[in-house]
There are 2 protein chains.
Amino acid sequence: MGKQMTEMLKGTLEGIVLAILAGRAAYGYEITARLRALGFSDIAEGTVYALLIRVEQRGFVDVEKIPSELGPPRKVYSLNGQGQEYLEEFWRTWSFLAGQLDQLRGGGR
Amino acid sequence: MGKQMTEMLKGTLEGIVLAILAGRAAYGYEITARLRALGFSDIAEGTVYALLIRVEQRGFVDVEKIPSELGPPRKVYSLNGQGQEYLEEFWRTWSFLAGQLDQLRGGGR
DNA sequence: TACTGGTACATAGTAACGCTGAATAGCGGC
DNA sequence: GCCGCTATTCAGCGTTACTATGTACCAGTA
């Protein structure tokens, strides 16, 4: 992925992952796979795990450890109330930014 | 401005400034004022100047020093060919990201 | 002359984020 | 036993925007 995308993901990747979790609970490896399916093909696994630890420490998600039949136990993350609120604020911030950019792009001034 | 916006601006502020310059040439102080008018009320002057130096070093803008009747001489930046190309790539990257986010927001899955 | 305020640019230090690259560990199949 | 897939973790790095200053030029005013 380009450097531009890398920089643009700063601040949005977190929202993207929380939005995925808003759909349903998931674990790290699964989230990485879903991101790749979404077209974010080059997001490193390490990035996702670091992000998950961050949002866990901020209290946006609940964690449950579930044994897997295939490999080591999975840490399943689910969005909690605080996370919901944060996600809503994320969407507000995003809407504002997207609005301004659309304006800039269209008007050219 | 919120911390969310701060992080989200990483990678997009550069595009925003280049888009402003695509409209017409401008100098740092003026760009800061325009950003504030656009609603990015808390963008520090220092941020804009640092960004302008960055894009200048990458060769995206041409610079002309023009004496001001009011204060020190202005450094007027104008987008050049390379900057145009970069801006177009920025819009492509942005479109992809915005598309994916819209999808995530709407579908909820 | 001295002071104030607006214009205009620059820089050192800091924090946050995503990436790179590697390590660790469990399980199934050849 | 070894390889490949699943699954998580961590240290070190580069980029970006912010904070907080500092420099400099000019106009108006007392």
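Let's start at A:F40, a residue that is buried, with a relative accessible area of 0%. This is a predicted model, and A:F40 is a good way into the contact between its chains. A:F40 sits in the loop between α3 (28-38) and α4 of chain A, and its ring pairs across to B:F96 in helix α5 (residues 81-107) of chain B. The ring centres are 5.5 Å apart and the planes meet at 70°; since planes over 60 degrees apart count as edge-to-face, that is the label for this pair. B:F96 itself is partly exposed, with a relative accessible area of 28%.

A second pair also links the chains. A:W94 and B:W94 are stacked, at 4.9 Å centre to centre with 25° between the planes. Because A:W94 lies in helix α5 (residues 81-107) of chain A and B:W94 in helix α5 of chain B, this pair joins two chains. Both tryptophans, A:W94 and B:W94, are buried. Over all chains, the whole structure holds seven aromatic pairs.

Now let's turn to the DNA. Around DNA strand C there are 31 residues, and A:T47, A:R54, A:R58, B:R74 and B:K75 come nearest. Of the strand's atoms within 4 Å of the protein, sugar and phosphate account for 75%. The bases are reached too: an N or O atom in the side chain of A:K10 is 3.1 Å from a base oxygen, while the side chain of B:K10 has an N or O atom 3.1 Å from a base nitrogen. On the backbone, a polar side-chain atom of B:Y27 lies 3.1 Å from a phosphate oxygen of strand C. Elements giving two or more residues to this surface include α2 (13-23) of chain A and β3 (74-79) of chain B. By type, the surface residues divide into twelve nonpolar, eight polar and eleven charged.

Technical notes:
Residues are numbered from 1 along each chain as its sequence is written. Chains are lettered from A and ligands numbered from 1 in the order in which they are written. This is a predicted model: local features need pLDDT of at least 70, side-chain atom pairs count only at pLDDT 80 or more; totals for chains, interfaces and linings use all residues. Side-chain values use heavy atoms; hydrogens and water are left out. A residue is near a molecule or strand if one of its heavy atoms lies within 4 Å of it. A polar contact is a pair of N or O atoms within 3.5 Å; within protein, one must be able to donate a hydrogen and the other to accept it, and residues adjacent in sequence count only if both atoms are side-chain atoms. Helices (H or I, at least four residues) and strands (E, at least two) are DSSP runs, numbered from the N terminus. Ala, Val, Leu, Ile, Met, Phe, Trp, Tyr, Cys and Pro count as nonpolar, Asp, Glu, Lys and Arg as charged, and the others, Gly among them, as polar. Rings of Phe, Tyr and Trp (its six-membered ring) pair if their centres lie within 6.5 Å; planes under 30 degrees apart count as stacked, over 60 as edge-to-face and the rest as tilted. Buried means under 20% relative accessible area, exposed over 50%, partly exposed in between (1.4 Å probe, protein chains only).
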